[in-house]
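Subject: Structure for your review

Dear colleague,

Please find below the structure that I am handing over to you. I should be grateful if you would read the notes beneath it with the coordinates open.

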Amino acid sequence: MLVTAYLAFVLLAALCVGLELAARRALPPQPAPTAVANPAFRGFQTLFLRGYLLALWADWLQGPYLYKLYRHYSFLESQIAILYVCGLASCVLFSPVATWLPQAIGRRNACLLFCMAYSACCLTKLSRDYFILILGRVLGGLSTSLLSTVFEAWYVHRHLDVRDFPREWIPSTFTRAAGWNHGLAVAAGLVANLLAEWAGLGPVAPFVLAIPCLGACGWVVLWDWGKEEAEGGLLGGEKGGPLLTSPGTVPAMAPASRVSARVRFWRTCLEGLRCLLSDRRVMLLGGVQALFESVLYIFVFLWTPVLDPHGPPLGIVFSCLMAASMVGSALYRLATSARYRLQPGHLLCVAVLLAFFSFFMLTFSTAPGQPRPRESFLAFLLLELGCGLYFPAVSFLQGRVIPEERRAGVLAWFRLPLHLLACLGLLALHGEVSGTGGGEAGGGTRHMFAGCTGMMLAALLAVVSLFTLGRNDAELRLEGTRGEGDM
């Protein structure tokens, strides 16, 4: 497995470069966007990315060795499953809070809260006490919820309401962030492997490294973003809030503003639920997202115990998985280019099929007493390849079927069954490996992969239903290809 992991990384890295070049050649030559030529926008974009990418880097550093760290502390697999459940449950609880918090305490302060909470989460990894580790998972759930909302909220508010840049320029920033995000994920695996295994510092080392990275992110948010707010004369909360006069000023929202923020939050949730229930396309897309992404949480828990007994370098394996996702992302851009003109709906179907086939393979490669780690590794790579296709495809479809003003509320409802399904799956695995389910650890893992296979079959049926419903729906097609055959 050691040689297999390194060879896979080299091949995937070469494939990423080749597909990236092919995807760029497939794009027709276009004049440089106005945003690229605007120095004020470029400076603001760089300012945002400096803080946001540090946050993403600290998050990725913690991916490769989380399970390994718990095993290093001699916890049983059933105990580790409960730790993961605590993290997911806190995501469920804190997701609505993370949506409301930027309005309540200010967007920049919410970003600072992320840095502090995630730093505290990393510090808990230095303890072997189980309850302190549970607290760390709760803080990790809060931090993950904040990462997915508060940075974007700060940027969009500054971009539109303060800087008054065109709305059409927003995707430019998040496209750059997505490109960097893939590279950071691959690099995080290499750095984590260097610290934990080559340098012999153990699985806690990547978490220790994440703390100064979060400190640097907090410094950028506090001072650089604070200067940006002070120069722009930004109101601390919504209009009518206190003026920030210095980078370190903490806004104090008036009671009426806090009430207004809560009212807006609940109104957003209710409007999102109404949109979800009134449009069958939105309902089907939400079902696909809940099923597909919930099994990804289960995969995040299971890939380490499946492969680690066979001695692969976990950091390199993690980099391979992230590189496979990069391959999927490059394939998506190549497939949807003017040369090939495949529709996002087609690629969503391919992604779900790849996930179905991957979990089907894993039900056989993880049979108790007859493990086949190379086949399991290949299945994990195929799953990540499917993820690279899935996320841009589902993002495109969400942008077409969910009204922009209701998107935040609808996506919040999407995440609720997603996390609940993942928690139920991990609790079921906990029952298997702790003896209450009547199986051993290997059998529990295999049963979980079989359950994931069934969930992917249900997701595939939902995708087919979405195709049938939207066969002649121009909104679900890429621009320039509408009317050219069925979806």
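The notes that follow concern one helix and a set of salt bridges.

Please bear in mind that this is a predicted model.

Helix 14

Helix 14 covers residues 373-401, 29 residues in total. From its first C-alpha to its last it reaches 41 Å, close to the 42 Å expected at 1.5 Å a residue. Of these 29 residues, 21 are buried, so helix 14 is largely enclosed by the rest of the structure.

Salt bridges

The count of salt bridges in the model comes to five. Three of the pairs are described here in turn.

Arg 50 and Asp 224 are joined through their side chains, with an N to O distance of 3.1 Å. This salt bridge links distant parts of the chain, since Arg 50 lies in helix 2 (residues 39-61) and Asp 224 in helix 9 (residues 205-232), 174 residues apart. Arg 50 has a relative accessibility of 41% and therefore counts as partly exposed. Asp 224 is likewise partly exposed, its relative accessible area being 22%; the cut-off for a buried residue is under 20%.

A salt bridge is also formed by the side chains of Asp 308 and Lys 68, again at 3.1 Å from N to O. Here too the pair links distant parts of the chain: Asp 308 is in the loop between helix 11 (280-307) and helix 12 (314-335), while Lys 68 belongs to helix 3 (residues 66-72), and 240 residues separate the two. Asp 308 has a relative accessible area of 22%, which makes it partly exposed. Lys 68 is partly exposed as well, at 29%.

In the pair Arg 163 and Glu 228, the closest N and O atoms are 2.7 Å apart. Arg 163 sits in the loop between helix 7 (150-162) and helix 8 (170-198), whereas Glu 228 is in helix 9; the pair is 65 residues apart and links distant parts of the chain. Arg 163 is partly exposed, with a relative accessible area of 31%. Glu 228, by contrast, is buried at 5%, a value that falls under the 20% cut-off. Salt bridges with shared partners bring Arg 158, Arg 163 and Glu 228 together in one network.

On inspecting helix 9, you will find that it contributes Asp 224 to the pair with Arg 50 and Glu 228 to the pair with Arg 163.

With kind regards

Technical notes:
Residues numbered from 1 in each chain as written. Predicted model: local features only at pLDDT ≥ 70, side-chain atom pairs only at ≥ 80, totals over all residues. Heavy atoms only, no water. Helix = DSSP H or I, 4+ residues; strand = E, 2+ residues; numbered from the N terminus. Expected span 1.5 Å × (residues − 1). Buried < 20%, exposed > 50% of the residue type's maximum accessible area, 1.4 Å probe, protein only. Salt bridge = Lys/Arg side-chain N within 4 Å of Asp/Glu carboxyl O.
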